[in-house]
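Trainee: I would like to go through the reasoning behind the words we use for this model. Could you set each value against its definition before you conclude anything?

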Amino acid sequence: MLKTITLSAGHTPNGETGASANGLHEEIINIQITKKVAELLRRHSIPILEVPDDLTLVQTIAWINARASQIDLCLEIHLNAGGGTGVEAWYYQNLVTKADDIESKNLATIVCETVAEETGWRNRGAKGESTNQHGKLGFVHDTKPLAALIECGFIDNVSDIELYKTEEGVMKIATGIAKGLLAYIGEEWIPIPTHPPEDLNLQKKIDELNEKIASLSGLINQVKDRQDKLSDAVDNVKKDTEEIYKDRDEIVVIKEKLTVIDGKVENSSAKQTTIETNLKQEIRSLKEESEEDTNIIFRRIKILEEKPTVLGEGVKIITFGKWLIGKFTKQGGEK
Ligand SMILES: [Zn+2]
């Protein structure tokens with residue numbers, strides 16, 4: 001059957017305050033450690049009673065003794081002071097015979113060992129209450145259940161106080177105490193589950209992917225900027241192209257006109273050639289005609305010269321012939 005453990009944080013805030021140094025107050029840190037120890041033990045399903053924080057030492061002892069039948073052991077948590085370092089714990093003694101209470105001494109011994117192991121502090125060991133400066137310790141001596149009192153480091157030691165300053169440090173002290181209490185009652189310490197390596201790797205990968213996503217978003221924005229610039233450039237090219245097309249259309253119209261003009265020029269030159277050819281032909285035939293006529297005339301003149309009796313006729317014919325010659329000579333000159 002599981003044992004019921006009672007935890008008490010030494011001293012009382014706003015009342016019986018403990019040691020203070022380096023801006024730290026013992027009663028405050030005692031409460032922080034005690035709460036963590038209770039939390040760790042409850043995680044192991046150990047029944048826990050916590051003495052209310054606002055009780056004085058006398059009230060604390062009375063509170064515990066009122067519940068003595070349901071409590072198997074009790075531990076009060078303190079910080080040391082006075083120029084030292086490390087962890088120590090006090091146990092019950094017969095103040096007359098100075099005989100040690102073996103169970104109380106075992107409990108004190110074990111928690112000292114586990115706290116020293118967990119914190120790396122020097123283990124000052126278990127001490128009988130009679131060797132205390134007061135000759136006895138009320139919490140250890142006057143409580144009915146088995147009891148011990150642990151001093152977790154020195155509040156006036158610059159090295160020891162480092163653990164009081166962080167939650168991790170306080171947790172180390174509490175873990176040492178919880179492990180000691182579990183060991184004493186024969187229960188196994190169950191490690192606090194941490195993320196398995198796969199989860200850590202997964203988280204690392206997720207972090208890496210998130211970084212990549214962030215850098216990709218940057219790239220995407222750069223690409224978008226470039227796309228905007230490109231589409232502006234494309235718009236400009238389209239406008240230029242439209243103007244070029246307009247110019248080209250005008251050029252096509254001009255070319256068509258030029259083709260028409262070329263055709264007309266060809267036609268007119270062909271016509272000119274035809275006219276020239278016709279004219280030449282006409283002139284040639286006229287020349288032939290005139291040459292023939294001239295020959296006729298010359299033959300008649302010869303005949304007339306051979307026949308002077310018909311001189312009168314001959315004169316007329318000569319006159320006509322001269323007129324003809326004149327006519328054709330004139331035309332030939334115009335050629
Ligand atoms: Zn104290």
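Mentor: Let us begin with exposure, where a residue is buried if 20 or more other C-beta atoms lie within 10 Å of its own, exposed if 12 or fewer, and partly exposed in between. Please keep in mind throughout that this is a predicted model.

Trainee: Why is asparagine 14 called exposed?

Mentor: Asparagine 14 has 8 other C-beta atoms within 10 Å, and the limit for the exposed class is 12 or fewer, so asparagine 14 is exposed. Asparagine 14 lies in the loop between strand 1 and strand 2, and its phi is positive, about 60°, although it is not a glycine.

Trainee: Histidine 11 is found in the loop between strand 1 and strand 2; what makes histidine 11 count as buried or exposed?

Mentor: Histidine 11 has 24 C-beta neighbours inside 10 Å, and a residue with 20 or more is buried, so histidine 11 counts as buried. Its phi, near 70°, is likewise a positive value in a residue other than glycine.

Trainee: And why is proline 145 called partly exposed?

Mentor: Proline 145 has 18 other C-beta atoms within 10 Å, which falls between the limits of 12 and 20, so the intermediate class applies. Proline 145 lies in the loop between helix 4 (138–142) and strand 8, and, leaving aside residues up to four places away in sequence, it touches Ile64, Ala68, Ile71, Asp72, Leu73 and Cys74. Its C-alpha atom is separated by 9.9 Å from that of isoleucine 5, although the two residues are 140 apart along the chain.

Trainee: Turning to the sheet, how do you know that strand 5 pairs with strand 1 and with strand 8?

Mentor: Pairing requires at least two bridges; strand 1 and strand 5 have five, and strand 5 and strand 8 have seven, so both pairs qualify. Both pairings run in the parallel sense. As examples, leucine 7 has leucine 75 of strand 5 as its bridge partner, while asparagine 80 is partnered by phenylalanine 154 in strand 8.

Trainee: What makes strand 5 mostly covered?

Mentor: Seven of the eight residues of strand 5 are buried. Helix 1 (residues 26–43) packs on the sheet, touching strand 1 (5–9), strand 4, strand 5 (73–80) and strand 8 (146–154), and the direction of helix 1 makes about 140° with that of strand 5.

Trainee: Why are strand 4 and strand 7 said to stand at the edges?

Mentor: The six strands form an open sheet in the order 4-1-5-8-6-7, with mixed pairing. Strand 4 (48–50) and strand 7 (123–128) each have a single partner strand, so one side of each is left without a neighbour in the sheet. For strand 7, the pairing with strand 6 (residues 87–91) is parallel, over five bridges, and valine 87 stands opposite asparagine 123 of strand 7.

Trainee: Which values describe the packing of helix 3 and helix 5?

Mentor: Two packed helices are described by the angle between their axes and the distance between the axes. Helix 3 (residues 102–119) and helix 5 (residues 167–185) pack at an angle of about 140°, and their axes are 7 Å apart. Helix 3 passes helix 5 in a right-handed crossing. The contact includes Ile110 and Glu113 of helix 3 and Gly176 and Lys179 of helix 5, and its residues divide into nine nonpolar, six polar and five charged.

Terms used. Residues numbered from 1 in each chain as written. Predicted model: local features only at pLDDT ≥ 70, side-chain atom pairs only at ≥ 80, totals over all residues. Axes fitted to C-alpha atoms, helices over the stretch in contact; angles between N-to-C directions. Helix = DSSP H or I, 4+ residues; strand = E, 2+ residues; numbered from the N terminus. Left-handed = near helix turned anticlockwise from the far one by under 90°. Contact = placed C-beta atoms within 7 Å. Nonpolar A, V, L, I, M, F, W, Y, C, P; charged D, E, K, R; others polar.
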